[in-house]
Amino acid sequence: MAGKDLLVINHLRKCFDGQEILKDISLNVQEGEVVSIIGPSGSGKSTLLRCATMLETMDGGELIYMGETAAKEADGQCVYAQKADLKRIRHHFGLVFQNFNLFPHYSVLKNIMDAPMTVDKVPKKEAQERALGLLEQFGLADKRDAYPCQLSGGQQQRVSIARALALQPKILFFDEPTSALDPELTGEVLKVIKELAKEKMTMIIVTHEMQFAREISDRVIFLEHGDILAQGSADEVFNSDNTRIRDFIGKLNS
């Protein structure tokens with residue numbers, strides 16, 4: 001699909017305690033594209049997401065959002081852009097965590113309104129309208145005054161997705177969005193993500209839900225030992241002749 005690149009990662013490397021966790025990762029994500037990252041535990045999936053969202057610093061490589069360079073390599077080191085530039089670049093993306101990370105002492109409505117008002121200085125009335133619209137969209141309008149502890153895990157995760165969307169990002173990252181949920185609640189969160197995909201929201205999803213990844217993804221990246229073992233359309237990766245990939249997908253589907 002021809003579109004413009006919202007995210008470009010070139011030759012990303014990341015080490016922890018001298019051990020290389022990500023080895024020369026390059027990928028690009030186009031506007032409206034849904035990219036799923038799959039692979040065994042310890043393959044570097046979450047580290048890749050954390051480097052892409054600047055929660056971890058890269059040891060090498062290049063990170064570019066919408067043509068703006070967030071990090072580049074110079075003299076064998078990764079150099080990040082100026083603080084003001086990084087603040088602007090961070091506006092391009094949102095991140096949904098596996099453990100919701102909602103403020104327990106804030107109501108659902110305030111959880112969603114908080115970042116637009118404090119980060120983007122959006123007027124209270126506009127932030128509230130935005131939040132109420134998202135709650136309506138996600139079937140949570142009746143929970144606006146509830147607190148996170150009064151919600152199911154699935155409802156909390158939907159609130160955290162709404163909170164990320166309230167900042168109107170161009171790209172949404174999901175790090176195992178259903179790993180803390182039981183199967184029944186998983187379905188309601190996956191339904192929300194599928195709806196966003198229909199609306200052509202650009203998304204990068206680390207997931208162990210194989211059927212979901214197959215249904216929703218324009219592209220699937222299989223990561224193992226910090227390397228991209230395969231990437232392509234969902235059909236290409238899921239029908240791969242590579243025995244390692246077939247074995248991994250077979251085990252998860254069994």
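The following legends describe close-up views of a predicted model.

**View 1. Helices H3 and H4 cross at an oblique angle.**
Helix H3 covers residues 108-118, and helix H4 covers residues 124-137. Their axes come within 9 Å and cross at roughly 130 degrees. That angle makes H3 oblique to H4, because angles that are neither under 35 degrees, over 145 degrees nor from 65 to 115 degrees count as oblique. The crossing in which H3 passes H4 is right-handed.

**View 2. Residues of H3 and H4 meet in a contact.**
On the side of H3, the contact is made by Val-108, Leu-109, Ile-112, Met-113, Pro-116 and Met-117. On the side of H4, Lys-124, Ala-127, Gln-128, Arg-130, Ala-131, Leu-132, Leu-134 and Leu-135 take part. Sorted by class, the contact of H3 with H4 has eleven nonpolar residues, one polar residue and two charged residues.

**View 3. Phe-222 and Phe-248 form an edge-to-face aromatic pair.**
A pair of aromatic rings is described by the distance of the centres and the angle of the planes. The count of aromatic pairs comes to four. In the pair of Phe-222 and Phe-248, the rings lie 5.2 Å apart from centre to centre, with 85 degrees between the planes. The pair is termed edge-to-face because the angle between the planes is over 60 degrees. Phe-222 belongs to strand S10 (residues 219-224) and Phe-248 to helix H9 (residues 243-253), so the pair ties together parts that are 26 residues apart in sequence. Phe-222 has a relative accessibility of 0% and therefore counts as buried. Phe-248, at 10% relative accessibility, also counts as buried, because the term applies to values under 20%.

**View 4. Tyr-65, Phe-93 and Phe-173 form one aromatic cluster.**
The residues of this cluster are one tyrosine, Tyr-65, and two phenylalanines, Phe-93 and Phe-173.

**View 5. Met-66 has a positive phi in a loop between two strands.**
The phi of Met-66 is about 50 degrees, a positive value, although Met-66 is not a glycine. Met-66 is placed in the loop between strand S4 (60-65) and strand S5 (68-74). With a relative accessible area of 28%, Met-66 is partly exposed, because this value lies between the limits of 20% for buried and 50% for exposed.

**View 6. Gln-168 has a positive phi in a loop between a helix and a strand.**
Gln-168 is not a glycine, yet its phi is positive, at about 55 degrees. The loop that holds Gln-168 runs between helix H5 (153-165) and strand S8 (171-175).

Terms used:
Residues numbered from 1 in each chain as written. Predicted model: local features only at pLDDT ≥ 70, side-chain atom pairs only at ≥ 80, totals over all residues. Heavy atoms only, no water. Axes fitted to C-alpha atoms, helices over the stretch in contact; angles between N-to-C directions. Helix = DSSP H or I, 4+ residues; strand = E, 2+ residues; numbered from the N terminus. Left-handed = near helix turned anticlockwise from the far one by under 90°. Contact = heavy atoms within 4.5 Å. Nonpolar A, V, L, I, M, F, W, Y, C, P; charged D, E, K, R; others polar. Phe/Tyr/Trp six-rings, centres within 6.5 Å; stacked < 30°, edge-to-face > 60°. Buried < 20%, exposed > 50% of the residue type's maximum accessible area, 1.4 Å probe, protein only.
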